[in-house]
Amino acid sequence: MRILVSLVFILITTSSFAVTFDGKFIQGSFILGKTEPGSEVFIDKKKVKVTSDGFFVFGLGRDRKYDVVITLNKDGNKQKIVKKILKRKYNIQRIDGLEEKKVTPPEEVYERIKRENKLIAKARATDSDLTFFKNKFIVPIENSIITGVYGSQRILNGKPKWPHYGLDFAADEGTKIKAMVDGTVTLVEPDLFYTGGTLIFDHGHGISTLYMHMEKVLVKKGQKVKQGDIIGTVGSTGRATGAHLDVRLNWFGIRLDPATVLDLKN
Ligand SMILES: [Zn+2]
């Protein structure tokens with residue numbers, strides 16, 4: 001038995017093959033991997049798609065604490081990589097003494113919120129063969145100041161609210177918004193309760209982006225959009241305190257930090 005165990009061990013440890021990662025192993029990060037074409041790749045237990053040229057993608061959640069296990073398999077040669085995840089510190093803001101109706105949405109909108117969350121979840125679950133996630137992303141609005149960051153959270157009257165998963169770009173109402181990367185439109189909604197005018201794009205392999213609080217939406221569901229195309233304009237629709245663009249990045253149901261794919265100057 002012991003001989004067999006050590007034999008298996010040797011087989012596993014001697015058969016490693018090339019894999020590289022573009023992205024940091026920190027909470028909220030988008031990570032692009034590259035390995036030999038034709039490999040099978042598992043992230044934890046989840047099998048992910050691999051492009052014909054060997055690319056795969058995954059992301060790490062805001063609060064992920066445990067290691068990520070990447071398993072590669074090429075023609076029976078297995079390689080297991082375990083990576084530690086660096087923790088981040090998020091900005092937590094406590095505000096007390098607020099009027100209760102400003103803290104919790106009124107009961108009559110619960111059903112609506114549920115219905116809308118389902119629409120968004122469905123779009124984020126898309127697992128297409130598109131490979132646009134490999135491309136470099138660009139900022140949706142140039143020379144705009146970031147006014148809200150990923151991961152921050154407010155505790156209102158002692159109640160922890162949903163963390164902020166987006167990146168907020170301050171801009172005037174009507175400012176044109178560019179697509180950050182090529183993709184296909186999977187959701188167009190002119191007025192969702194929280195997010196107002198909302199767009200979701202699929203970029204392949206579970207990577208999606210969201211654009212929220214838009215004034216005008218200039219694309220249709222199913223439309224293929226090129227990076228830099230004008231997809232709509234900045235607004236303050238939904239629950240927004242003022243005109244701004246909030247963009248989000250997901251790997252399936254996991255919300256990632258858009259700043260990890262953007263080249264931000266400020
Ligand atoms: Zn926001």
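These notebook entries follow two places in a predicted model, a glutamine in a loop and a zinc site.

**Entry 1: Q27**

I began with Q27 and found that this residue lies in the loop between β1 (19-22) and β2 (30-35). I then looked up whether Q27 is buried or exposed. Its relative accessibility is 3%, and because buried means under 20%, Q27 counts as buried.

Next I looked for polar partners of this side chain. I noted that the side chain of Q27 reaches the backbone oxygen of R64 at 2.8 Å, and that a polar atom of the side chain of Q27 lies 3.0 Å from the backbone nitrogen of R88. Leaving aside residues up to four places away in sequence, I listed what Q27 touches, and among these residues are L60, G61, D63, I85, L86 and Y90, together with R64 and R88.

**Entry 2: the zinc ion**

I turned to the zinc ion and asked which atoms coordinate it. The donors are NE2 of H164, two OD entries of D168 and an OD atom of D246, at 2.0 to 2.7 Å. The angles among the four donor atoms run from 52 to 150°, and the site is irregular. I checked this against the cut-off: four donors count as tetrahedral if all angles lie between 85 and 135 degrees.

Along the sequence, I wrote the spacing of the donor residues as H-x3-D-x77-D. D168 sits in strand β12 (residues 167-170) and D246 in strand β19 (residues 244-251), 78 residues apart, so that this pair links distant parts of the chain.

Last, I looked up the accessibility of both aspartates: D168 counts as buried because its relative accessibility is 10%, and D246 counts as buried because its value is 2%.

Methods:
Residues are numbered from 1 along each chain as its sequence is written. This is a predicted model: local features need pLDDT of at least 70, side-chain atom pairs count only at pLDDT 80 or more; totals for chains, interfaces and linings use all residues. Side-chain values use heavy atoms; hydrogens and water are left out. Helices (H or I, at least four residues) and strands (E, at least two) are DSSP runs, numbered from the N terminus. Buried means under 20% relative accessible area, exposed over 50%, partly exposed in between (1.4 Å probe, protein chains only). A polar contact is a pair of N or O atoms within 3.5 Å; within protein, one must be able to donate a hydrogen and the other to accept it, and residues adjacent in sequence count only if both atoms are side-chain atoms. Contact means heavy atoms within 4.5 Å. Donors are N, O and S atoms within 2.8 Å of the metal (3.2 Å for Na, K and Ca); water is not among the atoms, so sites may look incomplete. Four donors count as tetrahedral if all angles lie between 85 and 135 degrees; four count as square planar and six as octahedral if opposite donors are over 155 degrees apart and all others between 65 and 115; anything else is irregular.
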